[in-house]
Amino acid sequence: MESSTPKKLGLLALTGMVVGSMIGAGIFSLPRTFGGATGVVGAVIAWIIAGAGMYTLARVFQALAERKPDLDAGVFAYAKAGFGNYLGFLSAFGYWIGSCIGNVSYWVLIKSTLGAFFPVFGDGNTVIAIAVASVGIWMFHFMILRGVQQAAFINAVVTVAKIIPIVVFIIVLFVAFKVDLFRINFWGDMSGYSLFEQVRRTMLVTVFVFLGIEGASVYSRFASKRSHVGVATLIGFVTALLLMVLVSLLPYAAMQQTDIAALRQPSMAGVLESVVGPWGAVFVSVGLLISVLGAYLAWSLICAEVMHAAAKTEDMPRAFARENKNGVPVVALWVTNIIVQLFVISTYWSRDAFSLMLSLTSAMSLIPYLLVAGFGWQLAKRGETYVGGKDQKRDLTLASIAAVYTLFMIFAGGLKFLLLSALLYAPGSVLYFWARREQGRKFFTGWELVVFIVACVGALAAIVGLIYGWIAI
């Protein structure tokens with residue numbers, strides 16, 4: 001039963017969704033990731049590229065929210081409007097399954113962080129660790145079932161709480177800033193890698209830490225004012241970018257680059273410990289647990305909402321549109337958490353689950369982002385909604401840069417993750433066939449069939465690669 005009078009989310013709550021989605025596990029791993037790849041100069045270049053690319057994507061989301069207010073659940077709806085039913089479905093499915101995999105990476109990191117203090121958790125893949133994670137999955141599940149707005153309020157509180165240790169980290173490192181050490185680390189260790197290669201090695205992690213930039217857009221149907229969606233996206237983006245740049249650059253003024261590269265994750269803990277002593281590691285670890293749990297809540301909400309919106313527009317089976325008395329997409333939430341549970345169990349047999357799922361999440365999310373940028377380009381190119389051509393050239397330029405950036409990042413991820421993505425997209429298309437059959441509609445247009453065949457070929461190639469060891473996971 002649908003809620004007849006759903007409560008609305010204001011600018012602060014929507015901004016909290018964006019910040020809460022982006023500030024998760026990734027930011028706590030930035031010092032070692034950058035320290036192991038490059039020095040200060042390379043880090044600055046990497047953030048300029050990532051910041052510019054993601055800024056243009058944020059502006060595309062803002063423009064589409066303002067110019068297409070009738071399209072809810074942004075990521076999926078924009079892809080469908082621009083490229084048709086099947087690619088719209090692939091965007092919704094890819095975004096959903098990628099987010100599920102991302103949620104699994106959160107539980108892996110939580111368990112491995114606890115393992116540093118409680119040996120029973122090991123590296124996060126022991127039976128006890130998986131059991132505790134399973135309890136956490138279903139605790140969050142039943143909390144969300146009580147209402148989206150209640151969960152959004154909790155997310156806002158958690159977002160504030162988890163930023164505190166990050167701000168403390170930044171302040172302490174500012175106070176302890178060693179100019180000479182920063183100067184030594186300025187160019188970094190150039191041995192074996194060109195500056196370009198150093199920068200390239202940092203790019204995929206910048207994609208992961210920016211995932212969630214569309215958090216407000218996904219929840220556009222709950223916004224008290226449509227204009228708040230775009231504003232919340234930009235405020236959240238700028239806030240998250242500032243925090244991530246400082247967290248990755250300031251350690252160069254506290255430790256040698258080689259020492260930063262040798263830290264265990266979460267490396268923020270090791271950096272703070274080197275400055276203030278053992279309590280710093282504990283403080284950051286607690287902050288990480290709060291941060292990751294908050295991000296998990298935000299992404300659980302987004303997962304269910306995307307599937308719900310796709311079902312409401314008949315691009316997923318009707319069952320996913322079902323809501324409980326609190327207006328929560330109950331079937332979508334159950335299926336989401338069952339998938340997360342299965343992946344968590346599978347980590348028992350995994351050697352490096354966190355790294356694999358981080359990369360897969362990035363690869364799966366970039367394809368929907370590319371389709372959004374493409375739709376923004378289409379809209380500006382046609383001049384649709386642009387009265388007198390105002391802002392048309394600007395938006396066309398922004399959408400073009402966003403499309404080139406996301407396309408470049410997809411290929412930067414490598415063939416391995418493209419094939420693994422196809423391995424998820426091809427069988428996932430069963431849901432598309434189910435939905436189209438419910439409605440008695442034709443499955444594909446001519447070019448959509450080509451896309452489906454390409455996905456199937458990619459899936460088969462991935463299976464062969466996994467069997468013969470050409471693809472390692």
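This passage describes aromatic ring pairs in a predicted model. Residues are numbered from 1 along each chain as its sequence is written, and side-chain values use heavy atoms, with hydrogens and water left out. Because the model is predicted, local features need pLDDT of at least 70 and side-chain atom pairs count only at pLDDT 80 or more, whereas totals for chains, interfaces and linings use all residues.

A search of the whole structure yields 28 aromatic pairs, where rings of Phe, Tyr and Trp (its six-membered ring) pair if their centres lie within 6.5 Å, and planes under 30 degrees apart count as stacked, over 60 as edge-to-face and the rest as tilted. The pair of Tyr86 and Phe444 is edge-to-face, because the ring centres are 4.9 Å apart and the planes stand at 85°. This pair links distant parts of the chain, 358 residues apart: Tyr86 belongs to helix H5 (residues 85–115), and Phe444 to the loop between helix H19 (430–439) and helix H20 (446–467). Helices are DSSP runs (H or I, at least four residues), numbered from the N terminus. Tyr86 is buried at a relative accessible area of 0%, and Phe444 is buried at 11%; buried means under 20% relative accessible area (1.4 Å probe, protein chains only).

Phe89 and Tyr432 form a tilted aromatic pair, with 5.3 Å centre to centre and 50° between the planes. Since Phe89 lies in helix H5 and Tyr432 in helix H19, the pair ties together parts 343 residues apart in sequence. Phe89 is buried at 0% relative accessibility, and Tyr432 is likewise buried at 0%.

Tyr86, Phe89, Tyr432 and Phe444 are among the members of one aromatic cluster, which also includes Phe93, Trp96, Tyr425, Phe433, Phe443 and Phe452.

Methods. Helices (H or I, at least four residues) and strands (E, at least two) are DSSP runs, numbered from the N terminus. Buried means under 20% relative accessible area, exposed over 50%, partly exposed in between (1.4 Å probe, protein chains only).
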